[in-house]
Each structure stands twice: as C-alpha cells, then as structure tokens.
Amino acid sequence: MPTGLVDANIILRYLTNDPPEMSDLATALFDAVAEGRESVWLEDAVLAEVVWTLRSSYRADLRDIADRLLDLVADDHVLNHDSSTLMAALTLYKEFNIGFADAILVA
C-alpha cells in the first residue's frame, strides 16, 4: 500500500535540487522509497507535468529527463496502474523525440 501520492513538485525538487531546502525533504522521501521503507503512487499526468516542466522551465535534455525518470518509474516502490506503459513511453520519448503525451498514447 502506497504511503501517498507524489505530485510534480516533489519529483521536481528531488531531480533539480531547487530549492535546496525542499529538495532535502524530497530526497529523503525517495531515499526511503529506494530502500523499500516507503511506497508512493505516481499518476501518469504527474509524470507528464514533470517532463514538461523539466523541458520547458529547466531546459533539460530530453535524454537526461527520460533516463532519470526511467530509473524512478522502474523502482518497485513507485506504484502506477501501468508502470510498463510509462517506461515504454519514456523510451519512445527518448528515442524518437516525440511529445511525452504522444509517447504515452503510442505506448
């Protein structure tokens, strides 16, 4: 059973260290997830918002975005109704440089 639903802000703080004091809390949560002490629920729309924000506001490289989020989604304690589809979508996004929402639809 998941501890809670993660929103885009928590994931963005974890990935960007922006701002550092909030990032510390997000990192502590995802460290607990990685160690299996916590589980979180991740909605598709939240992941899409993270991708969009990293690309548009942070100007992050789409390959870096996909790689980091693939690692996150692959964790057994990051729960989603269809993690394999999200992972396929991230791979399509990375390999074919298509919009993430389109990649979800294709996957």
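**Helix packing, a small sheet and some unusual backbone sites**

Helix H3 crosses helix H5 in a right-handed manner. The model described here is a predicted one, and this pair of helices is a good place to begin exploring it. By class, the residues in the contact of H3 with H5 comprise five nonpolar and two charged ones, with no polar residue. On the H3 side, the residues that take part are Asp44, Leu47, Val51 and Arg55, and they meet Leu86, Leu90 and Tyr93 of H5.

A general point helps in reading such a pair: two packed helices are described by the angle between their axes and by the distance between those axes. For H3, which spans residues 44–56, and H5, which spans residues 83–96, the angle is about 20° and the axes lie 12 Å apart. Angles under 35 degrees count as roughly parallel, so H3 is roughly parallel to H5.

Attention now turns from helices to strands. The model contains an open sheet of three strands, arranged in the order S1-S2-S3 with parallel pairing. Strand S1 (4–5) and strand S3 (78–79) are the edge strands, each pairing on one side only. Between S1 and strand S2, the latter made of residues 40–41, two bridges are found, and the pairing is again in the parallel sense. One bridge can be followed residue by residue: leucine 5 has tryptophan 41, in S2, as its bridge partner.

Two buried residues show how distant parts of the chain can be brought into contact. Leucine 15 belongs to helix H1, which covers residues 8–16. Its relative accessible area is 12%, so leucine 15 is buried, since the cut-off for that label is under 20%. Beyond the neighbours within four places in sequence, leucine 15 is in contact with Val50, Leu54, Arg68 and Leu69. The pair of leucine 15 and leucine 54 is worth a closer look: 39 residues separate them in sequence, while their C-alpha atoms are 9.1 Å apart in space.

The second buried residue, serine 23, sits in helix H2 (residues 20–34). Serine 23 counts as buried because its relative accessibility is 3%. With neighbours within four places in sequence set aside, the contacts of serine 23 are Arg13, Tyr14, Asn17 and Asp18.

Asp18 leads on to a feature of the backbone itself. As a general background, most residues other than glycine have a negative phi, and most peptide bonds are trans. In this model, the peptide bond that joins aspartate 18 and proline 19 is cis, with omega at about -10°. Proline 19 is found in the loop between H1 and H2.

Two further loop residues stand out by their phi values. Arginine 59 is located in the loop between H3 and helix H4 (62–74). The phi of arginine 59 is near 55°, which is positive although the residue is not glycine. Arginine 59 counts as exposed because its relative accessibility is 67%, and the cut-off for exposed is over 50%. Asparagine 97 likewise has a positive phi without being glycine, here near 50°. The loop that holds asparagine 97 runs between H5 and helix H6 (100–106). With a relative accessibility of 56%, asparagine 97 counts as exposed too.

Methods: Residues numbered from 1 in each chain as written. Predicted model: local features only at pLDDT ≥ 70, side-chain atom pairs only at ≥ 80, totals over all residues. Heavy atoms only, no water. Axes fitted to C-alpha atoms, helices over the stretch in contact; angles between N-to-C directions. Helix = DSSP H or I, 4+ residues; strand = E, 2+ residues; numbered from the N terminus. Parallel < 35°, antiparallel > 145°, perpendicular 65-115°, else oblique. Left-handed = near helix turned anticlockwise from the far one by under 90°. Contact = heavy atoms within 4.5 Å. Nonpolar A, V, L, I, M, F, W, Y, C, P; charged D, E, K, R; others polar. Buried < 20%, exposed > 50% of the residue type's maximum accessible area, 1.4 Å probe, protein only. Pairing = 2+ DSSP bridges.
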